[in-house]
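Trainee: Can we go through this one together? I'd like to start with empty space and then move to charges.
Mentor: Fine, here it is.

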Amino acid sequence: MVAARRAAVLGSPIAHSLSPVLHRAAYAELGFDDWSYDRFEVDEAGLPGFVGELDESWAGLSLTMPLKRAVIPLLDEISDTAASVEAVNTVVFGEDGRRTGDNTDIPGMLAALRERGVEKVESAAILGAGATASSAVAALARICGGPVTAYVRSEARAEEMRGWGERLGVDVRTAPWDDAAEAFASPLVVATTPAGTTNALATAVPDAVGTLFDVLYDPWPTALAAAWSERGGKVVGGLDLLVHQAVLQVEQMTGVPKAPLAAMRAAGERALAAR
């Protein structure tokens, strides 16, 4: 019998999160009947109080925006991966009470790409410059042998992306958003923008394309992903990323060596289909 433990995802807004569906599916598959996984609406101001009241029954936390950076001062240590992008999406509570932060988005991206046969590229493009874009730069640092071009809307964002490139050892170049269709010539395009942002670009997808990694999962497919598939290109979606990063979270929080990827993905697909 596995002792009862608790875990949850925190963020604001949080009602849309699929994390409870994925983690609960893992617990069911693993036979962790007494484990629970919930969601809590928590903003930056409320985070210290929430974390401070957790007792020894807690195994871990998943964090989404706007908490990935705000949680860092509340932790005893963070992994090198999390430190590289100053973002924590996973907190694990040790038996000694220590709080350890990690970032599973970056290895999750790599695992999702690897699943589609993408293990090395000579160049890449990123659409957008938000928090997910910095994780994309960190992931590309491990598989991209050449330059990464980020298409952004402002010089401030461009400077930020070039800064991430310098920090992470990636040759990040920037270009204006008006030229975003030029990204489609890259062997790997990572779209990190909010829903609807890339819709207008769908008509510009050329006949020959490489791989598109669109981090959105609802609604799915996006107009860009649909157009990409019609051209015969490989598409990696946001659910792929969500599942792979959640697999790593489950493994860290439960201590199991291999979380049930297939069961978690199936649960996520069912939940999205029901929306």
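Mentor: What follows covers the cavity, the pocket, the salt bridges and one buried aspartate.

Mentor: Some ground rules: this is a predicted model, in which local features need pLDDT of at least 70 and side-chain atom pairs count only at pLDDT 80 or more, while totals for chains, interfaces and linings use all residues. Residues are numbered from 1 along each chain as its sequence is written, and side-chain values use heavy atoms, with hydrogens and water left out.

Trainee: How many cavities of 30 Å³ or more are there?
Mentor: One. Its volume is about 50 Å³. On a 1 Å grid over the protein atoms alone, a cavity is a set of points where a 1.4 Å probe fits but cannot get out, and lining residues have an atom within 4 Å of a point. A volume is the space filled by probe spheres set on the points, which are joined across faces, edges and corners.

Trainee: Which elements supply at least two residues each of that lining?
Mentor: Helix H4 (105–115), helix H5 (131–143) and strand E10 (188–191). H5 gives the largest share, four residues. Helices (H or I, at least four residues) and strands (E, at least two) are DSSP runs, numbered from the N terminus.

Trainee: And what class are the lining residues?
Mentor: The cavity lining has 10 nonpolar residues, no polar and no charged; among them are Met109, Leu140, Ile143 and Phe213. Ala, Val, Leu, Ile, Met, Phe, Trp, Tyr, Cys and Pro count as nonpolar, Asp, Glu, Lys and Arg as charged, and the others, Gly among them, as polar.

Trainee: How much space is in the largest pocket?
Mentor: About 1,200 Å³. A pocket is an open set of points with protein on both sides within 12 Å along at least five of seven lines. Of the 44 residues lining the largest pocket, Thr64, Met65, Lys68, Asp105 and Thr132 lie nearest its centre.

Trainee: What is the make-up of that pocket's lining, by class?
Mentor: It has 20 nonpolar, 17 polar and seven charged residues. Helix H8 (238–254) is one of the elements that give two or more residues, and H8 has the largest share, with five.

Trainee: Switching to charges. How many salt bridges are there?
Mentor: The structure has 16, a salt bridge being a side-chain nitrogen of Lys or Arg within 4 Å of a carboxyl oxygen of Asp or Glu. Aspartate 218 pairs with arginine 275, with the closest N and O atoms 2.9 Å apart. That pair links distant parts of the chain, 57 residues apart: aspartate 218 is in the loop between strand E11 (211–214) and helix H7 (223–230), and arginine 275 in the segment after helix H9 (261–273).

Trainee: Where does accessibility put arginine 275?
Mentor: Arginine 275 is partly exposed because its relative accessibility is 47%; buried means under 20% relative accessible area, exposed over 50%, and partly exposed in between (1.4 Å probe, protein chains only). Aspartate 218, at 38%, is also partly exposed.

Trainee: Which residues are linked in a network?
Mentor: Glu115, Arg116, Asp240 and Arg265 are linked by salt bridges.

Trainee: What about aspartate 102: which side chain of opposite charge is nearest?
Mentor: Arginine 142, 7.9 Å away, and aspartate 102 is buried yet has no salt bridge. For charge, Lys and Arg count as positive and Asp and Glu as negative; His and the chain ends are not counted.

Trainee: Which side chains does aspartate 102 contact, then?
Mentor: Its side chain makes polar contacts with the side chains of serine 79 at 2.5 Å and glutamine 252 at 2.7 Å. A polar contact is a pair of N or O atoms within 3.5 Å; within protein, one must be able to donate a hydrogen and the other to accept it, and residues adjacent in sequence count only if both atoms are side-chain atoms.
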